[in-house]
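Subject: Structure handover

Hello,

Here is the structure for you to look over. My notes follow below it.

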Amino acid sequence: RTVYVNGAYVPEDQAKVSVFDRGFLFADGVYEVTSVLDGKLIDFGGHCKRLRRSLGELEMRLDLSDEDLLAIHRELVARNDIDEGMIYLQVTRGAADRDFVFPPEDTPPTVVLFTQKKPLIESALAARGQKVITIEDKRWSRCDIKTVQLLYPSLAKMEAKAKGADDAWLVRDGFVTEGSSNNAYIVTSDGTIVTRDISSAILSGITRQAVLECARDLQMKIEERPFSVEEAENAVEAFSTSASGFVVPAVEIDGKPIGDGKPGPVATRLRSVYIEKMRQAAI
Ligand code: PLP
């Protein structure tokens, strides 16, 4: 695999970052993940916009324009022959002598991009539907920033796997915030889609935004508000959204079936409408 590191395209086994990189020492970095379909980028503009916001919230610099970033993404797609998969963009505050205080402003950020080949359309998980467990959301209170601080979501995912489930939905004060790496939704008996409103408790998903737009176009009812675990258990269907999963139905929560325990019509419809729309608009 060819990766991008600070201006150079190198084979992955020759890629280097400093042991003093603040991403490594302090999780002082942000990232983005963009999916690739037919060798083209899905919603690249949305991911750039969120990256700028994450960088801004942490007062982190990046000396590359959106056009520069697009060119790097495209170069990696070409060099790694990616037809379907993901591109990760990681930016840290750079390398400096270890200190909680930020390094001088002229410290160059570390910029790494790498690709992952992955079948996205033909997803076994989307076809069978995911099983989720609920666990307490013990993350910090700035979940709106896409930082590389992913230890708690990783632990949550491991707990889900240990219980024979696919993912964990995180719960704060009795209400679901989001999945370990996706936004969470339920559909109530009157057909309303309910998903947590945007705040610092969740990451504002780029897929969430696009899927809600699809739902509006289809005249579906939407409520952006917190929903409880009990509401999720009594929902007629549920699903999650993310750049890497698109729309993935959820069929079981804490060992109990959601609705009839099969992928529901709302999630299935939104998945195909979203994929079709984004494929058309891919760049
Ligand atoms: N929420 C969290 C915590 C995530 O990590 C992610 C994606 O990685 C999402 C939501 C979904 O965001 P997006 O649709 O932009 O991939």
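Which residues of helix 6 and helix 8 meet? From helix 6 come A210, V211, C214 and A215. From helix 8 come L270, V273, Y274, K277 and M278. Please keep in mind that this is a predicted model.

Helix packing

Helix 8 spans residues 265-281. Its axis comes within 10 Å of the axis of helix 6, and the two cross at roughly 110°. Helix 6 is therefore roughly perpendicular to helix 8. By class, the contact between these two helices has eight nonpolar residues, no polar ones and one charged.

Ligand shell

Helix 6 also takes part in the shell around the ligand. That shell holds 13 residues. The closest are L203, G205, I206, T207 and A243. Two elements give two or more residues each: helix 6 (206-217) and strand 14 (237-242). The largest share is three residues, and it comes from helix 6. As for chemistry, the shell has seven polar residues, four nonpolar and two charged.

Domains

The domain assignment gives domain 1 as 2-117 and domain 2 as 124-281. Their C-alpha centres lie 26 Å apart. Across the boundary, 21 residues of domain 1 are in contact with 13 residues of domain 2. On the domain 1 side, at least two residues each come from strand 3 (29-37), helix 2 (44-57) and strand 5 (85-92). Strand 3 supplies the largest share of that side, eight residues. The class split for the side of domain 1 that touches domain 2 is eight nonpolar, eight polar and five charged.

The six-stranded sheet

Next, the sheet. There is an open sheet of six strands with antiparallel pairing, and the strand order is 2-1-6-5-3-4. Which strands sit at the edges? They are strand 2 (8-11) and strand 4 (40-41), and each pairs on one side only.

Strand 1 is worth following through its two partners.
- With strand 2, strand 1 runs antiparallel, joined by four bridges. Y4 stands opposite Y9 in strand 2.
- With strand 6 (residues 110-117), strand 1 (residues 2-5) pairs in the antiparallel sense over two bridges. V5 stands opposite V112 in strand 6.

The hairpin of strand 1 and strand 2 has two residues between the strands. There, N6 takes a positive phi near 45°.

When you look at the strands, one general point helps: in a regular strand, side chains alternate between the two faces of the sheet.

Helices across the sheet

Which strands does helix 2 lie across? Helix 2 lies across strand 3, strand 4 and strand 5, and runs at about 175° to strand 3. Helix 2 and strand 3 also both supply residues to the side of domain 1 that touches domain 2.

Helix 3 covers residues 66-79. It lies across strand 1, strand 2, strand 3, strand 4, strand 5 and strand 6. Relative to strand 1, helix 3 runs at about 160°.

In brief

Helix 6 links two parts of these notes. It gives three residues to the ligand shell, and residues including A210 and V211 meet helix 8. Strand 3 does likewise: it gives eight residues to the side of domain 1 that touches domain 2, and helix 2 lies across it.

Best regards

Definitions and conventions. Residues numbered from 1 in each chain as written. Predicted model: local features only at pLDDT ≥ 70, side-chain atom pairs only at ≥ 80, totals over all residues. Near = placed C-beta within 6 Å. Nonpolar A, V, L, I, M, F, W, Y, C, P; charged D, E, K, R; others polar. Domains from an automatic or database assignment. Contact = placed C-beta atoms within 7 Å. Pairing = 2+ DSSP bridges. Axes fitted to C-alpha atoms, helices over the stretch in contact; angles between N-to-C directions. Parallel < 35°, antiparallel > 145°, perpendicular 65-115°, else oblique.
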